[in-house]
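Me: I'm new to this one. Please take a close look at how the helices and side chains pack, and walk me through it in plain words.

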Amino acid sequence: MRLLQNELFRRSSEKRPVEEDPRQLHLFNEAEVSAEEKPVTEEIEVPAHTRQKPRRKPLPEHLPRVEVIHDIVEEEKICACGATLSRIGEEVSEKLDIIPARVQVIRTIRPKYACKGCEGVESEGGAVRIAEPPPEMIPKGIATAGTLAYVATAKYADGTPLYRLSKILERYGIEIPRSTMASWMVMAGDRCRLIMEMLQRELKSGALINCDETPVQVLFEPGRANTTDSYMWVFRGGDPQKPVVLFHYAPTRSGDVPREILEGYQGYLQTDAFSAYDQFDRPGSRIVLIGCMAHVRRNFVKVIDARGKGAKKTGSAEVALEYIRKLYAIEKVARERKLTPDEIRALRKKEAEPILKEFKAWMKGRLPQTPPKGLLGKALSYALNHWHKLIRYLEDGRIPIDNNMAENAIRPFVVGRKNWLFNGHPNGAKAAATLYSLIETARACGLEPYQYLRYLFERLPFARSEEDHLALLPQMLTPEQLTRSLQ
């Protein structure tokens, strides 16, 4: 019951206070903690640093400035001696002023021409000549590239359901049903198919892919009840400096999905312990499966949560978490020192490998003394059963210790799902996967989502060749390019 209450009501963070001296765990005389249960290894020293006093961040330079001068009255500019005061400086303070979104109508005017002499009789092109309408994302629709980008950003980046967005637009005197906006998103996603194919190729160009999946409810799936779970998969890979975050909707959670997406890929794949990925953990596979230490830690955290607040912090779960804390301390040192992958691999070989060996030996000793169906027994079994995948991160400094990059990538979808709850049709789920991919990849590449989508939707209708489409990928753009395009 305590574990269930924690799952429902406690904060999701797994951070826990660290004891000032981990050896204090062993001052308590409990049968569960023996003299051998001490994760004593060489301490990792983090260089001391000086705390800076918090201060307000300056407002961005690119925002327009409106100057308002508050001056003293003219009478006060005369000194008591009769001389006029001289201006010697000024005090400047900046405040943020927000003006609601501006809505405008773009009128496209195409003049018509006709010959009054022959009235078009001698012309092969017809009596009336008029320019072809410019290519658009949605031909004959009222939505411009900016409107599509606004709606997509509001729903998929900010988690605003379309019915709420419809109410917001009503305040501007604009009536657009949510069904119309849903159709816009489906059509926009469909127009980006070639971009998605290129992102999928880019995903497999790197040495590491992180993968995760989460359930989503989709209505009107053929042959399935509306309450049946479908899944949104996320893959993060490609160039680590400008990664690809690829979302993929599938009605099932079977291993066919990652096998199809990763076809032709050769490298590391980091996931949780879900059985759909076991197909890659076999001899001769071109993919090397990597485990996630965060899931190991999560299982031991559950042991502590199930005890309640009044329990003493002296059990085996605390010992396991202390081992894991030391492993993460090594990763923190590597990040702070900005080590290269080769230097990270050497650091792990020296510092982390001995801890992992001791951690494994400790767990093997504890497992026979622990009920296998209890939370502690399940945590120990999980770690030992997947141990060969958990320690593979030692092989390459480019591999993280856990799969948090994939979990962080899928978090915006999970947050949005709490608001819009379900997709109304499989076509909507496919469009959502496409637009989430574009938005989260743009974010990962340092681009502002609305600016990128507007840039993409304005130029995509004019793209003809593969080079044209390639130039529209987030990896090919910079924030400065997007800013200039909006000016």
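Reply: A crossing is called left-handed if the near helix is turned anticlockwise from the far one by less than a right angle, and right-handed if clockwise. With that in hand, helix 2 passes helix 3 in a right-handed crossing. Bear in mind that this model is predicted: local features need pLDDT of at least 70, side-chain atom pairs count only at pLDDT 80 or more, and totals for chains, interfaces and linings use all residues. Residues are numbered from 1 along each chain as its sequence is written, and side-chain values use heavy atoms, leaving out hydrogens and water.

Helix 2 covers residues 145–157 and helix 3 residues 162–170 (helices are DSSP runs of H or I, at least four residues, numbered from the N terminus). Their axes are 10 Å apart, at an angle of about 130° (lines fitted to C-alpha atoms over the stretch in contact, angles 0 to 180 degrees between N-to-C directions). Helix 2 and helix 3 are therefore oblique to each other (not under 35 degrees, over 145, or 65 to 115). Who touches whom? From helix 2 come Y150, V151, A154 and K155, and they meet L162, L165, I168 and L169 of helix 3 (contact: heavy atoms within 4.5 Å). That patch has 7 nonpolar residues, no polar ones and 1 charged (Ala, Val, Leu, Ile, Met, Phe, Trp, Tyr, Cys and Pro are nonpolar, Asp, Glu, Lys and Arg charged, others polar).

Now for another pair. Helix 5 (residues 193–203) and helix 13 (residues 426–444) have axes that come within 11 Å and cross at roughly 55°, which makes helix 5 oblique to helix 13. Their crossing is left-handed. Helix 5 brings I195, M196 and L199 to the contact, while helix 13 offers A433, T434, S437, L438 and T441. Here the split is 5 nonpolar, 3 polar and no charged.

On to the side chains. E331 sits in helix 8 (residues 316–336), and with a relative accessible area of 8% E331 is buried (under 20%; exposed is over 50%, 1.4 Å probe). Leaving aside residues up to four places away in sequence, E331 touches R348, Y393 and I401.

Finally, the rings: the structure holds 11 aromatic pairs (centres within 6.5 Å; stacked under 30 degrees, edge-to-face over 60, tilted otherwise). F359 and W362 are stacked, because their ring centres are 6.3 Å apart and their planes lie at 25°. The two are 3 residues apart in helix 9 (residues 341–366), so about one helical turn separates F359 and W362. F359 is buried at 0% relative accessibility, and W362 is buried too, at 7%. F413 and W420, by contrast, pair edge-to-face, 5.6 Å centre to centre with 65° between the planes. Both F413 and W420 are buried, and they join Y156, F247 and Y436 in one aromatic cluster.

Note on methods. Phe/Tyr/Trp six-rings, centres within 6.5 Å; stacked < 30°, edge-to-face > 60°.
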